[in-house]
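Trainee: Got a minute to go through this one with me? I'd like to start with helix lengths.

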Amino acid sequence: PFDVLVIGGGPAGASAAIYAARKGIRTGIAAERFGGQVLDTMAIENFISVPHTEGPKLAAALEQHVKDYEVDVMNLQRAEALVPAAVPGGLIEVRLAGGATLKSRTVILSTGARWRQMNVPGESEYRNKGVAYCPHCDGPLFKGKRVAVIGGGNSGVEAAIDLAGIVAQVTLIEFDSQLRADAVLQRKLHSLPNVTVVTSGQTTEVHGDGSKVTGLSYKDRNSGELKRIDLEGIFVQIGLVPNTEWLKGTIALTPRGEIEVDARGQTSVPGVFAAGDATTVPYKQIVIAMGEGSKAALSAFDYLIRTPAA
Ligand code: FAD
C-alpha cells in the first residue's frame, strides 16, 4: 500500500506528489490525463517567474518533475469510488475504472474541474483562438479589442467588470430575463461606460475566419430575432464544474460539487485531503493549485506521523 496516493495529475496533484515523495514516503499518483487543464491551455503568462510558457510544455515539465522522484505514476487511470478506512489509521481504498483497487494510508484528491461549455457551433473550433474561459488568464490578450462575456451570474459579471478595464468594449449576454449576480456587482457593471448588457439572449454560434474569432450570433429570446455582433473574443462564464461526481455521498461536497476543505486541505474523511480546482479554494489558478497541492501533501505527512497505522 501507499502512504500517500494522489488522484489527479494536474498542477495540484503533481505538486502534492513531489512534496510527498520528498518526505521519503511511498507515493503514488493516478490520473485520467496527466497535465489536466493545463494541456488545453495555450499561452500561460501568470505562472510566476516564468513570463511565458505554453500549456503542453508546462504539462510535460510537471510530469518530468514528478518522475525525477520515486513516485508510482499511473496515467490513464480513472478513479470511480473512494472507500474510507474501516478503522482510524486504516487503509483507504480507491477503485479504478479498470477494476483494480489501490490502497493507501492517506489520499489527496486533486481531480480538478472543467468549464461548462455553450455547445454551439464554432465554440470548440475557436477555443484558444478567441473563445476563452478564464479572464484572469486571457484577459490581457484582448487589450483594446471587443469581447463578449456569456453568462450573467457572479462570475460573468465579475469577468465583465474585470475585462472592461482592459478591452475596448464588453457585451455581456445573459440567457435569463435578468442578471443573477449580486446587486453590488450589477451596480458596478451598469456604471461602466464600455459595457453593454443583453438579457434574454441565447448564443447560437461562434463565427470565425478559419484562424480566429470574428463574431457571434445570439437569438433574442423575446422576439425570436437572430442578431450578430462583430468582436475578437468570447469569455464563456456559465459555470466551472468540479470533477467530483464519483465522491458524492462519501466526502462532504458543496451544493456546487466542490470538495469542502479546511485551511490545511483536510476533507470530511480522516486521512483524505484535497487540493486545487476540485475544492472550495477561492480562485482557480495554476499557482494556487500548486500551492494547495503542496499544502495537502504536508498535511498528509503530518497526519501520518501522528496517526498510528491500524
Ligand atoms: P486540473 O488541471 O483540472 O487537473 C485535474 C487532474 O485530475 C487531471 O489529471 C485529470 O485527468 C484528473 N482527473 C479528473 N477526474 C479524475 C478521476 N475520476 N480519476 C483520476 N483522475 C481524474 N490558470 C492559470 O493560472 N493561468 C492560465 O493562463 C490559465 N489558463 C487556462 C486556460 C484554459 C483554457 C483553462 C481550461 C484553464 C486555465 N487555467 C489557467 C486554470 C488552470 O488550468 C487550473 O486552475 C489548474 O489546472 C487546476 O489544477 P488542478 O490540478 O486543480 O486540476
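Mentor: Start with the rule: the expected span of a helix is 1.5 Å times one less than its number of residues. Keep in mind that this is a predicted model.

Trainee: OK, what span should helix α6 have, and how far apart are its end C-alpha atoms?

Mentor: Helix α6 covers residues 286-306, which is 21 residues, so at 1.5 Å a residue it should span 30 Å. The end C-alpha atoms of α6 are 30 Å apart, in agreement with that.

Trainee: Which residues of α6 are buried?

Mentor: The buried ones include Ile286, Ala289, Met290, Glu292, Lys295 and Ala300. Gly293 and Ser294 are also buried.

Trainee: And what covers them?

Mentor: The cover includes strands β1 (2-7), β3 (43-44), β8 (101-109) and β19 (272-274), along with helix α1 (11-21).

Trainee: Switching to the sheet with β12. What is the strand order?

Mentor: The order is β10-β17-β11-β12-β13, an open sheet of 5 strands with parallel pairing. β10 and β13 are the edge strands; each has a single partner strand, so one side of each has no neighbour in the sheet.

Trainee: Is β12 mostly covered or mostly uncovered?

Mentor: Mostly covered: β12 runs over residues 169-173, and 4 of its 5 residues are buried.

Trainee: How many bridges does β12 make with β11?

Mentor: There are 5 bridges between β12 and β11 (residues 146-150), in the parallel sense. Between these two strands, Val149 has Leu172 of β12 as its bridge partner. The chain gets from β11 to β12 by way of helix α4 (residues 154-164), and that β-α-β crossover is right-handed.

Trainee: What about the β13 side, how many bridges there?

Mentor: β12 and β13 (residues 195-198) are parallel and joined by 4 bridges. Leu172 turns up again here, with Val197 of β13 as its bridge partner. Helix α5 (residues 183-190) lies between the two strands in the chain, and β12, α5 and β13 make a right-handed β-α-β unit.

Trainee: And β17, which strand residue does Ala148 face there?

Mentor: Ala148 stands opposite Ile234 in β17. β11 and β17 (residues 233-236) run parallel, with 4 bridges joining them. Helix α4 packs on this sheet, where it touches β11, β12, β13 and β17. The direction of α4 makes about 165 degrees with that of β11.

Trainee: New topic, backbone angles. What is the phi of Asn128?

Mentor: Near 65 degrees, so it is positive in a residue other than glycine. Most residues other than glycine have a negative phi.

Trainee: Where does Asn128 sit?

Mentor: In the loop between β9 (113-115) and β10 (131-132). Asn128 counts as partly exposed because it has 15 C-beta neighbours inside 10 Å.

Trainee: Then Tyr283: what is its phi, and is it buried or exposed?

Mentor: The phi of Tyr283 is about 70 degrees, positive although the residue is not a glycine. Tyr283 is exposed, with 9 other C-beta atoms within 10 Å; the cut-off for exposed is 12 or fewer. Its place is in the loop between β19 and α6.

Trainee: Last thing, what is the mean pLDDT of the protein?

Mentor: The mean pLDDT is 97, and 100% of the residues reach 70 or more. Among the elements, β3 has the lowest mean at 90, and β19 the highest at 99. For the complex, the predictor gives an ipTM of 0.99 and a pTM of 0.92.

Definitions and conventions:
Residues are numbered from 1 along each chain as its sequence is written. This is a predicted model: local features need pLDDT of at least 70, side-chain atom pairs count only at pLDDT 80 or more; totals for chains, interfaces and linings use all residues. A residue is buried if 20 or more other C-beta atoms lie within 10 Å of its own, exposed if 12 or fewer, and partly exposed in between; C-beta atoms are placed from the backbone. Two strands pair if DSSP finds at least two bridges between them. A crossover is right-handed if, with the strands pointing away from the viewer, the path from the first strand over the helix to the second runs clockwise. Two residues are in contact if their C-beta atoms, placed from the backbone, lie within 7 Å. Axes are lines fitted to C-alpha atoms, for helices over the stretch in contact, and angles run from 0 to 180 degrees between N-to-C directions. pLDDT is the predictor's confidence in each residue, from 0 to 100.
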